[in-house]
Amino acid sequence: MSTLLRIALIGPGKVAHLHARATQQTPGVQLVAVCGRNEQKTAAFANQYGINPYTDVAEMVNREGVDVCVVLTPHPNHREPAVAAMEAGASVLVEKPLAASLDDCDVMIATAERTGKTLSVISQRRFYAPCQRIRQAIDTGKLGAPALGMVQMLGWRDEAYYGSDPWRGSWAHEGGGVLVNQAPHQLDLLLWYMGEVESVYGVWRNVNHPYIEVEDTAAAIVQFKNGGIGNIVASNSQKPGLYGKVHIHGQNGASVGVQTDGGSMFIAGRSGIQEPPINDLWTISGEEDQLAVYQAEDHAFFGQTDALTYYFSQQLADFCQAVRTQTQPAITAHDGRRVVELFQAIYESTRTGNAVHMGRS
């Protein structure tokens, strides 16, 4: 395999522009093609980036010698193009979530194992410096065992947002609401920090979006296999958007946290990232003064970085290196499956009124 990897995008929608720019900023890769069902839209996208348009995934992979496909279709439509790309010979990086159902996740993972291709999911917030500091603090034992993990994702989506694409706001075409579309980043971080889930009790509601059929608000209590517990609150019902946070409290009494998103949250094609990701909590003994240092570093870095594309580029570089070396990327397909399993358990718990035990539901 050449060290220069040929990249193609599947789905020329709003977020595809960010991935195209990120690819152009990533050393060792070349954006060569885009595939979409709408010929006119796909051709316009291809013309903008000087690449070739296709309507068939296998044909694109074969003709262009594509090494990596990035799947950017609506969530319930990830499986088909991902499987087609891997069977044609390309590794696949999928926009979050990995899929809208566990069945789709399992088919995609089985295809990757059968074809020997690398499969992963976009979770670029793991590459944020404040998120990595938390992981390092856990790994070096500064918290003791992680005992309590908390997610608060309080954002806002208006009617214009749900009307901006025909697939938004429905079970059939989006696969769910805030849990599927906005919260996967924070759910991924929670699982990264706290480990495997034992059981979940959750509820969801539609608080103030009567024009959609999916949830705009959800809450859950999680029991982890390591004995820790977790709390998840995710909502698109707080105007104009407050924050997204993940806090981890250790067995020794120390606490660390990250505000991954602040203020009016990013919407692809409509808005930028308003505030830098920062550590908003740091009480490790002897390191209390570090909070101000970390925040100053994060503000300074944010001021000199295109946050919309930088972290996509970081994950793409990591994924492509894994493809070259035939090793595991930082975020695996199984990591992506765990997020889907978690939000599907919240839906199932709401339906039955009972806790869902992972692996036994």
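This report walks through the domains, some helices, the salt bridges and a few backbone oddities of one protein chain.

What you have here is a predicted model, in which local features need pLDDT of at least 70 and side-chain atom pairs count only at pLDDT 80 or more, while totals for chains, interfaces and linings use all residues. Residues are numbered from 1 along each chain as its sequence is written, and side-chain values use heavy atoms, with hydrogens and water left out.

**Two annotated stretches**

Let's start with what the record says. UniProt, in an unreviewed entry, has "domain: Gfo/Idh/MocA-like oxidoreductase N-terminal" covering residues 5-121. It also places "domain: GFO/IDH/MocA-like oxidoreductase", again from an unreviewed entry, at residues 132-254. UniProt positions are in the numbering used here, feature names are shortened, and annotations may be inferred rather than shown by experiment.

In the model, residues 5-121 are 46% helix and 23% strand, with the end C-alpha atoms 18 Å apart. Residues 132-254 come out at 23% helix and 33% strand, and there the end C-alpha atoms are 17 Å apart. Helices (H or I, at least four residues) and strands (E, at least two) are DSSP runs, numbered from the N terminus.

**Helix α6 and its surroundings**

Helix α6 spans residues 129-139. Its buried residues are Pro130, Cys131, Arg133, Ile134, Arg135, Ala137 and Ile138. Buried means under 20% relative accessible area, exposed means over 50%, and partly exposed is in between (1.4 Å probe, protein chains only). The cover over those buried α6 residues includes β7, α9, β11, β12, β13 and α10; contact here means heavy atoms within 4.5 Å. After α6 comes Gly141, with a positive phi near 80°.

**Salt bridges**

How many salt bridges does a search of the whole structure find? The search turns up 21, a salt bridge being a side-chain nitrogen of Lys or Arg within 4 Å of a carboxyl oxygen of Asp or Glu. Here are three of them:

| Pair | Closest N to O |
|---|---|
| Arg133 and Glu297 | 3.2 Å |
| Glu287 and Lys142 | 2.7 Å |
| Lys245 and Asp280 | 3.3 Å |

Take Arg133 and Glu297: this pair links distant parts of the chain, helix α6 and helix α10 (residues 290-303), 164 residues apart. Arg133 is buried at 12% relative accessible area, whereas Glu297 is partly exposed at 42%.

Now for Glu287 and Lys142. Glu287 sits in the loop between β13 and α10, and Lys142 in the loop between α6 and β7, so this pair ties together parts that are 145 residues apart in sequence. Glu287 is buried, with a relative accessibility of 16%, and Lys142 is partly exposed at 36%.

The third pair, Lys245 and Asp280, connects strand β11 (residues 243-250) to strand β13, 35 residues apart. Lys245 counts as buried at 17% relative accessibility.

There's also a network: salt bridges that share partners join Arg126, Asp188, Glu196, Asp335 and Arg338.

**Helices α9 and α12**

Helix α9 (residues 184-194) and helix α12 (residues 333-352) have axes that come within 9 Å and cross at roughly 110°. Axes are lines fitted to C-alpha atoms, for helices over the stretch in contact, and angles run from 0 to 180 degrees between N-to-C directions. The two helices, α9 and α12, are therefore roughly perpendicular, a label for angles of 65 to 115 degrees. On the α9 side, Pro184, Leu187, Asp188 and Leu191 meet Arg338, Val339, Leu342 and Phe343 of α12.

**Helix α11 and what comes after**

Helix α11 covers residues 307-325, 19 in number, and reaches 28 Å from its first C-alpha to its last, close to the 27 Å expected at 1.5 Å a residue. That expected span is 1.5 Å times one less than the number of residues. The buried residues of α11 include Tyr311, Phe312, Leu316, Phe319 and Val323.

Is Gln326 buried or exposed? Gln326 is exposed, at 73% relative accessibility. This residue lies in the loop between α11 and α12, and has a positive phi of about 55° although it is not a glycine.

**Two cis peptide bonds**

Finally, look at two prolines. A cis peptide bond joins Lys96 and Pro97, with omega about -10°, and Pro97 belongs to the loop between β5 and α5. Another cis bond joins Lys239 and Pro240, where omega is about 5°; Pro240 is in the loop between β10 and β11.

Terms used. Parallel < 35°, antiparallel > 145°, perpendicular 65-115°, else oblique.
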